[in-house]
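Here are my notes on the model you sent over. I went through it with the strands, one helix and the aromatic rings in mind.

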Amino acid sequence: MDIRLVCFYGKVFCEVLSGSLEKAILDVHNKLRRQEGAADMKIMSWNGPLANQASKWAEKCHFEHGFDKTEGVDGSAGQNLFISGGSGQYTDMEAVVKAWYNEKKDYNYNKLSCSKVCGHYTQVVWADTNRLGCGYKYCSKLTEDNGKVKNNVHYIVCNYSPPGNFKGQKPFKKGDACSLCSSGSGWCRDGLCDSCSSASGDCTCPLKCKNCGTLNSSNCKCKCSTGWTGGDCSEDCKDNHSKCGKSPGYPKSVCKNPTIIDFMKSNYGGQKICNDASEMKIGKIVIILSILLAYI
């Protein structure tokens, strides 16, 4: 059996964790992330420093969030905790992660709200989090943050990087798998965004470009047609000119036209977000400018 120590400096001060359990808890995370229907969900990989730090924190047998700064993680990581009674080494990693994930029932994605506790769930499925490290300790006595003591419990700590749970942000964007990866490309490994760079093995490019965009299969990126942007060309161009949608100002329907956006940028300081517009016939430009002048 593959056995490794998740400890720093070669000191055996924490519990032995089998490689199979590392793989199990990582696989459950990726399995649950994969089923969220997310367009930008990154694949998670195991991270030794995070695991070392989690193991040292678990060694304290104190059920509260925190980090041992000597291990190089000073609060810049997310963290989930789990305890369970019983004897022997705890092996049901699926139960651990699902205990956190099941908070989903109390989370409203559209309203960005939670009726009870949801932070463990949102950390598990936070799209940008792509590194995981967990530690384990069997505690004969474990102290909770309220001072109460539990006897003979399994204590599991998982650290996440980059951390999730930022106020006002959704944990992921809904859509086709790997269609809105933060890298700008659509490379996918088993349904999750990955940094692989070619279609080989289990690395694929399922990206489908929308709104007449064209796919460059060599880098798995879409070239969007005029007026569209985003990883899969599903987002329409917008202008953030201060007069857009205002009266006096420009109608929102006009602001979405990329040619007018160019005009506003050149003449009124508007900021264009999308690709340059293709040339239009002079007659259409005259009509468009007439509309603009009517709203100035």
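**Notes on the model**

1. Let's start with a pair of strands. L132 has Y160 in β9 as its bridge partner. That belongs to a longer run, since β8 (residues 131-144) and β9 pair in the antiparallel sense over 12 bridges. Bear in mind throughout that this is a predicted model.

2. Have a look at the turn of that hairpin. Four residues sit between β8 and β9, and G147 takes a positive phi there, near 95°.

3. β8 has other partners too. Strand β3 (residues 45-46) runs parallel to β8 and is joined to it by two bridges, with S45 standing opposite R131. Strand β4 (residues 62-63) is also parallel to β8, again with two bridges; here F63 stands opposite E144.

4. Now for helix α3, residues 93-101. Which of its residues are buried? They are M93, V96, V97, W100 and Y101. Looking down the axis of α3, these buried residues fall within an arc of 130°, so they line one face of the helix. The spacing makes sense: an α-helix has 3.6 residues a turn, so residues three or four places apart point the same way.

5. What covers that buried face? The cover for the buried residues of α3 includes α1 (19-34), β5 (78-85), α4 (119-124) and β9 (149-161). So β9, the antiparallel partner of β8, turns up here as well.

6. On to the aromatics: a search of the whole structure finds six pairs. One of them is F82 with Y90, a tilted pair at 5.6 Å centre to centre with 55° between the planes. F82 is buried at 12% relative accessible area, and Y90 counts as buried at 15%.

7. Another pair is Y107 with Y121. Their ring centres are 5.8 Å apart and the planes meet at 55°, so this pair is tilted. Y107 lies in strand β6 (residues 107-108) and Y121 in helix α4, so the pair ties together parts that are 14 residues apart in sequence. Y107 is buried at 16% relative accessibility, and Y121 is buried at 2%.

8. Finally, see how the rings connect back to α3. Ring pairs link Y101, Y107 and Y121 into a cluster. Y101 is one of the buried residues of α3, and α4, which holds Y121, is among the elements covering the buried residues of that helix.

Key: Residues are numbered from 1 along each chain as its sequence is written. This is a predicted model: local features need pLDDT of at least 70, side-chain atom pairs count only at pLDDT 80 or more; totals for chains, interfaces and linings use all residues. Side-chain values use heavy atoms; hydrogens and water are left out. Buried means under 20% relative accessible area, exposed over 50%, partly exposed in between (1.4 Å probe, protein chains only). The arc is that of the directions from the helix axis to the C-beta atoms. Contact means heavy atoms within 4.5 Å. Rings of Phe, Tyr and Trp (its six-membered ring) pair if their centres lie within 6.5 Å; planes under 30 degrees apart count as stacked, over 60 as edge-to-face and the rest as tilted. Two strands pair if DSSP finds at least two bridges between them.
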